[in-house]
Amino acid sequence: MAKTEIVVVGAGYSGIAATKMLSKKLKKNPDAHITLIDRHSYQTMMTELHEVAGGRVEPEAIQYDLQRLFCKRKNVSVVTDTVTTIDKENKIVKTKQGSYSFDYLVLGMGGEPNDFGTPGVKEHGFTLWSMDDAIKIREHIERTVALAAVEPDETKRKAMLNFVVCGSGFTGIEMVGELIDWKDRLAKNNKIKPEDINLMVVEAAPTILNMLDRNDAGKAEKYLTKKGVSILKDMPIVEVHEDHIILKSGEKIPTHTLIWTAGVKANSDAEKFDMPAARANRLVANEYMQAKGYEEKNIFVVGDLVYFEEADKENRPTPQIVQAAEQTGICAAKNILATINGTEKEAYKGKYDGFMVSIGSKYAVACVFDKYHLSGFFAMLMKHIINLRYFFDIRSGYYMFQYIMHEFFRIKDERNVFRGHTSRNSNVLWSVPLRVFYGCVWLVEAMKKVIGNGKVLQPSTWFGDGSWFTNTVAFPFEWLQPADATSGASQAADAAATTATADPTFGLSYAFGEEPMLVFKSMPDWFGSIMKFMMPNTEVALFMQKFMTLFEVALALAIIFGLFTWLANATTIVLVVMFCLSGMFYWVNIWFLFVAFALMNGSGRAFGLDKWVIPWIQRKLGNWWYGDVKARYGEKS
């Protein structure tokens with residue numbers, strides 16, 4: 001039986017959403033296969049392009065390798081190629097490197113900047129709609145500021161340091177927000193004053209951020225003004241030159257940098273497909289996301305490429321935003337599945353949970369679920385939560401982790417929502433002595449149990465009475481003790497109190513006659529129930545006593561030699577908590593917890609085995625799980 005071939009063109013938000021759903025729902029159907037074609041081997045998180053353009057993160061922070069996104073999905077083939085045309089009659093997608101037959105086709109090639117024919121934009125302006133665009137802007141700004149710093153002509157210097165963003169939609173405002181954050185670093189690196197760098201937003205409409213509630217937009221405008229951004233409203237740009245722009249009013253604004261974010265249109269490659277189009281060259285589709293006139297050919301259009309007006313929204317097509325892109329992609333996938341399974345198709349119904357715009361790394365305005373209005377820290381935090389939700393939706397824990405690292409821990413110049421408190425770079429060399437000391441403490445206490453000294457020790461006494469070679473169980477659990485024996489808990493507590501007072505653990509002393517105090521005087525009932533379940537008899541308890549002694553030795557050695565230090569120290573935290581709950585740990589040694597947390601900062605990367613072991617494991621696991629990451633996938637001639 002011939003396979004059902006589904007071809008998805010474009011690995012943007014809509015294409016990824018459609019492919020993920022199709023792959024999941026068809027994983028038990030051996031006769032269905034999906035081919036995802038994109039000109040790049042990665043997905044770009046388009047909503048974060050301004051972060052690359054504004055020098056906040058490196059390009060790899062928002063590039064998600066397609067093989068990693070679809071690893072272990074045997075019914076998906078990823079192809080790096082450029083679609084040249086579509087033979088709609090014979091149902092074949094033709095690319096530069098080959099051709100692909102289809103039973104179902106999803107076109108999600110996205111959009112591109114719309115300059116509305118304004119003279120000079122293509123020649124002298126910068127757009128922000130791809131990774132290449134973002135990198136060009138970043139490099140141009142760095143180069144321009146460097147040249148301006150040594151420019152002797154004051155007029156030319158001011159023009160070079162005047163950065164203009166055309167358009168006050170989400171992209172434009174987020175771009176100028178990044179420039180606000182970046183300004184101090186650019187100035188410092190080039191030995192100029194931050195106030196020498198001027199930022200400007202030019203908008204053709206009388207208001208900014210027109211997709212936002214007016215109150216929210218007002219907060220954004222107030223913040224921009226406070227940060228020194230000049231906002232020119234109702235001022236269309238009619239010409240762009242190398243060193244200035246001209247407004248409709250005739251005013252000339254000197255600048256060497258115009259970033260054009262004023263509009264979006266359908267990907268120009270779609271013009272070759274000869275399919276019905278509407279405003280901004282977007283391809284017309286019906287309520288099932290089927291291309292107009294090609295319903296019988298099972299061709300679907302999604303994302304920024306599609307033009308579809310819902311019944312109650314005349315002359316207002318689906319917005320070119322992430323939520324609409326994902327929802328149209330999912331709608332197309334559902335209707336492909338409905339056709340395959342012979343069930344009823346589902347009409348598109350847009351549901352947008354709100355809008356938000358970040359202005360730099362520390363401030364944002366948002367309207368969530370159309371009723372909750374946020375600004376500042378909480379709005380910015382909400383944006384991160386929504387981005388993290390995206391990784392959950394596409395089932396990519398790997399890139400969720402990478403996003404967290406890039407946005408919160410690897411950021412320079414305090415450019416994150418926590419004002420840099422989570423991203424301070426520190427040299428772990430200075431924690432090495434503490435690591436070795438802490439490991440030695442655990443080793444000494446574990447070895448005392450192996451050798452035996454007749455004392456009940458802290459904190460290791462939980463599983464022994466001083467020697468692992470004896471058959472005495474020192475557990476503070478009455479159900480493990482003989483009926484005629486003194487309670488192990490009582491013996492341990494008395495011995496520990498005597499030891500701690502006369503011979504303080506780890507050399508600590510108690511001033512002014514103070515006695516050490518247990519964290520918990522007795523074991524909580526709920527914890528006792530868990531321990532009784534885990535160790536129902538003396539034999540199991542004796543085994544655990546010996547096992548835990550060896551485990552503590554291994555844990556101590558791992559900490560001393562810097563092997564798996566994050567995991568090892570996290571384990572000691574768990575053990576200390578258990579010791580506390582068992583009623584066998586004193587407040588005087590509670591520093592164990594804080595030292596362990598401090599050593600989880602990667603302390604094994606300096607004079608420790610983690611410097612070599614962790615990168616090796618990461619490489620091996622990555623290759624095993626994802627395979628080799630390539631610049632091109634699925635080449636076909």
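Biologist: Is Trp 591 buried, partly exposed or exposed?

Modeller: In this predicted model, the relative accessibility of Trp 591 is 22%. Buried requires under 20% and exposed requires over 50%. Trp 591 therefore counts as partly exposed.

Biologist: How many aromatic pairs does a search of the whole structure find?

Modeller: The search covers the whole structure. The number of aromatic pairs found is 25.

Biologist: Is the pair of Phe 308 and Tyr 348 stacked or edge-to-face?

Modeller: A pair of aromatic rings is described by the distance of the centres and the angle of the planes. For Phe 308 and Tyr 348 the ring centres are 6.1 Å apart and the planes stand at 90 degrees. Planes over 60 degrees apart count as edge-to-face. The pair is therefore edge-to-face.

Biologist: How many residues apart are Phe 308 and Tyr 348, and where do they lie?

Modeller: Phe 308 belongs to the loop between strand 22 (306-307) and helix 9 (322-341). Tyr 348 belongs to the loop between helix 9 and strand 23 (354-358). Both residues are buried. The pair links distant parts of the chain, with a separation of 40 residues.

Biologist: Is the aromatic pair of Phe 437 and Trp 591 stacked or edge-to-face?

Modeller: The centres of these two rings lie 6.1 Å from each other, with 25 degrees between the planes. Planes under 30 degrees apart count as stacked. The pair of Phe 437 and Trp 591 is stacked.

Biologist: Which helices hold Phe 437 and Trp 591?

Modeller: Phe 437 is partly exposed, at a relative accessible area of 46%. The two residues are 154 residues apart, and their pair links distant parts of the chain. Phe 437 is in helix 12 (residues 432-451), and Trp 591 is in helix 17 (residues 591-599).

Biologist: Which ring does Lys 345 lie over?

Modeller: Lys 20 lies over the face of Phe 70, 4.9 Å from the ring centre. For Lys 345 the distance to the ring centre is 5.3 Å. The ring beneath Lys 345 is that of Tyr 288.

Biologist: Where does Glu 414, with its positive phi, lie?

Modeller: Glu 414 is not a glycine, yet has a positive phi of about 60 degrees. At 47% relative accessibility, Glu 414 counts as partly exposed. Its place is in the loop between helix 11 (397-409) and helix 12.

Biologist: Is Glu 178 buried or exposed?

Modeller: Glu 178 lies in helix 7 (residues 170-190). Beyond its neighbours within four places in sequence, Glu 178 is in contact with residues including His 50, Arg 56 and Arg 415. Its relative accessible area is 0%, which means that Glu 178 is buried.

Biologist: What distance separates the C-alpha atoms of Glu 178 and Gly 360?

Modeller: Along the chain, Glu 178 and Gly 360 are 182 residues apart. Gly 360 is also among the residues in contact with Glu 178. Their C-alpha atoms are separated by 4.5 Å.

Biologist: Which residues are in contact with Lys 630, leaving aside its neighbours within four places in sequence?

Modeller: Lys 630 lies in the segment after helix 18 (610-626), and is partly exposed at 46% relative accessibility. Its C-alpha is 9.9 Å from that of Thr 80, although the two are 550 residues apart in sequence. The residues in contact with Lys 630 are Ser 41 and Asp 65.

Definitions and conventions:
Residues numbered from 1 in each chain as written. Predicted model: local features only at pLDDT ≥ 70, side-chain atom pairs only at ≥ 80, totals over all residues. Heavy atoms only, no water. Phe/Tyr/Trp six-rings, centres within 6.5 Å; stacked < 30°, edge-to-face > 60°. Helix = DSSP H or I, 4+ residues; strand = E, 2+ residues; numbered from the N terminus. Buried < 20%, exposed > 50% of the residue type's maximum accessible area, 1.4 Å probe, protein only. Lys NZ or Arg CZ within 6 Å of the ring centre and 35° of its normal. Contact = heavy atoms within 4.5 Å.
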